[in-house]
Amino acid sequence: MAKHAHSQWSSRMGFVLAATGSAVGLGNIWKFPYMVGQSGGAAFVLVYLACIALIGVPILVAEWMIGRRGQKNPINSMAQLARQNGHSTNWAVVGAVGVLAAFLILSFYSVIGGWALAYMRDAATGAFIGLDKAAIGGAFEGFLARPAELLTWHSIFMLLTVVVVALGVSAGLERGTKLMMPALGLILIVLVGYAMTTGSFGEGLAYLFNPDWSKLDGKVLLAALGHAFFTLSLGMGIMMAYGSYLGQEVNLLRTARTVVIMDTVFALCAGMAIFPIVFANGLDPAAGPGLVFVTLPLAFGHMGGGLVIGALFFLLLTFAALTSSISLLEPVVELIEERTPLGRVAATMIAGLTIWALGIAALLSFNVWGDVKLFGMNIFDLLDYATSKFMLPLAGLGAIVFAAWKLDQQGVKAELGLGDAGFGLWTLLSRYVAPVGVLFVFWSNL
C-alpha cells in the first residue's frame, strides 16, 4: 500500500465552505423550496430544523470525528479506529458503503449537472423565448432523447469536476469552493433582488413562510426527516474524507452549526428567488422535479430580462451541482490514492473515467436503453433508489452507532469540548434519537 503525505485544510473557513458546498446542491435549489411549499411552509421549516438538530448534526459531527481521528480514507479510518478501540475491523464496511454510494451517486448526478450546463446555454441564447409550456416540455423530452448531446454535457461536467479534485485539497477543493460559494451567494442575492420586483414577492414569502399546521402529518414529518439527513451529504463517505483533512484546533459542534445555518439559508433564499417568479407568471409552484427544467424556463421565456435572469439561475444551478460533485469524487480519490501507488492526478483520472462510464449507462436509460429494466426501474432510477433509500441510511446509521457506542466516550467528550450536561445531551442524541430517526427513514423506505 502506498504512503502519501496526508493533506490538510489551510483554514477553518476553507473547510466550512467546502462542507457547505457539499451540502448545498441541486436539492437545495429546487427540491427543498417545493417541499416547503407543499408541506405547510414555515411549519415544515420548523420541523425540518428540529430534525437537522436532532439527527443531522449528530451524524455530521460523528463522521467528521471519525475522519479526523483516522486521518485516512473512510474505509481505513473505520478499520483503524475499530482496532484501536478493541473492536472488529469489519466496521470498515460502513466506510466502504459510503464510498461506494458516493461513486454511484456521482455517475447520475453528473448527468443532471450536464443538464444544468445545457440549460444555461439555452437560457443565455434565448431558446425559451415565446415558447408555451407544451413546447418547453417537448424540448426537454427531446433533449433527453438525444444521447450524443447528453453525453457531451455529461462529459464536460465530469471534466470540470475532475480538474478541481485533481488539483488537491488546498489548491482544488478549498480554492474551488472559496470561489464558487461566494459566487453562489452573489447570484442568489441578485435573483432574490429581481424577485422583489416581480410584484409577487409577498405571495412567494407567504408560500414559503406562512405556517399551515393542518398540512403537518406523518408523511410531512418523514419528508422533513429524510431531507434533513440527505441535505448534509451524510452516509456518502464525504464528511469522513473531509474530516480526515481537519486539524484538532477546529471545534466540530460549532462548525456543524455554521454549516447547517448556511445550508438552510441557501435553500430558503432559493425559494425566495424562485416562487415570486413562478407566481408572477401564473405557473404551478408545486411542479416538483419539473420546476427547474420546464416551469422556470417557461417564465424566463416570457419575462423582461429573462435572458440574463435565466442564465444566472442555471449558472447558480451549475455551481451548486459542481460544489457537490467535487465532494462526491473526493472520498473515491482519497481511497485510490491511499490504497495504490498512484498520485493525486492519476487517482482522480481513473476514478473520474470509471464514474463517467457508469454515467453513460445512466443517461442512456432516457433513450436507447429506455426499455432496460432492473427490479422494474431503469438504470438511472435504480442508481438513485439504491443509494438514497438503502446505502446512505445504512452508512449514516453505522457511523453514528460506531461513534456513540464503540469509541472511547471520555475521549469523545474531550474532543467535543463538552461539560457534563452537554455531554449528557450529546449521548442522548447520538445513542438513541439519531439512530432511531435514521431507522425510521430506512423502515419507511422499505
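Here are four short exercises, with worked solutions, on a predicted model.

**Exercise 1: cysteines**

Find out how many disulfides the model has, and sort Cys 51 and Cys 269 into buried or partly exposed.

*Solution.*
- Start with the sulfur pairs: the cut-off is 2.5 Å, and the count comes to 0 disulfides.
- Next, accessibility: buried means under 20% relative accessible area, and exposed means over 50%.
- Cys 51 sits at 7%, so it goes down as buried.
- Cys 269 has a relative accessible area of 23%, so this one is partly exposed.

**Exercise 2: salt bridges between helices**

Work out which helices are tied together by the pairs Arg 68–Glu 415 and Arg 344–Glu 330.

*Solution.*
- With nitrogen and oxygen within 4 Å as the test, you should end up with 9 salt bridges.
- Take Arg 68 and Glu 415: their closest N and O atoms are 3.3 Å apart, and they form a salt bridge.
- Arg 68 belongs to helix H3 (residues 42–70) and Glu 415 to helix H17 (residues 409–416), so this pair links parts that lie 347 residues apart in sequence.
- Check the surroundings too: Arg 68 and Glu 415 are both buried.
- Now Arg 344 and Glu 330, another salt bridge, with 2.4 Å between the closest N and O atoms.
- Here Arg 344 is in helix H15 (residues 344–364) and Glu 330 is in helix H14 (residues 306–339), so the bridge ties together parts 14 residues apart in sequence.
- Arg 344 and Glu 330 are both buried as well.

**Exercise 3: a network**

Which residues are joined with Arg 121 and Glu 149 through shared salt-bridge partners?

*Solution.*
- Begin with the pair itself: Glu 149 and Arg 121 form a salt bridge, with their closest N and O atoms 3.5 Å apart.
- Glu 149 lies in helix H7 (residues 147–166) and Arg 121 in helix H5 (residues 92–124), so the pair connects parts 28 residues apart in sequence.
- As for accessibility, Arg 121 is partly exposed at 35%.
- Follow the shared partners and you get one network made of Arg 121, Asp 122, Arg 146 and Glu 149.

**Exercise 4: the buried residues of H9**

List the buried residues of helix H9, say how they are arranged around its axis, and name the helices they pack against.

*Solution.*
- Helix H9 spans residues 201–209, and its buried residues are Phe 201, Gly 204, Tyr 207 and Leu 208.
- Look down the axis of H9: these buried residues fall within an arc of 125°, so they line one face of the helix.
- A reminder helps here: an α-helix has 3.6 residues a turn, so residues three or four places apart point the same way.
- Finally, the buried residues of H9 pack against helix H2 (26–38), H3, helix H8 (169–195) and helix H12 (252–280).

Methods
Residues numbered from 1 in each chain as written. Predicted model: local features only at pLDDT ≥ 70, side-chain atom pairs only at ≥ 80, totals over all residues. Heavy atoms only, no water. Buried < 20%, exposed > 50% of the residue type's maximum accessible area, 1.4 Å probe, protein only. Salt bridge = Lys/Arg side-chain N within 4 Å of Asp/Glu carboxyl O. Helix = DSSP H or I, 4+ residues; strand = E, 2+ residues; numbered from the N terminus. Arc of directions from axis to C-beta. Contact = heavy atoms within 4.5 Å.
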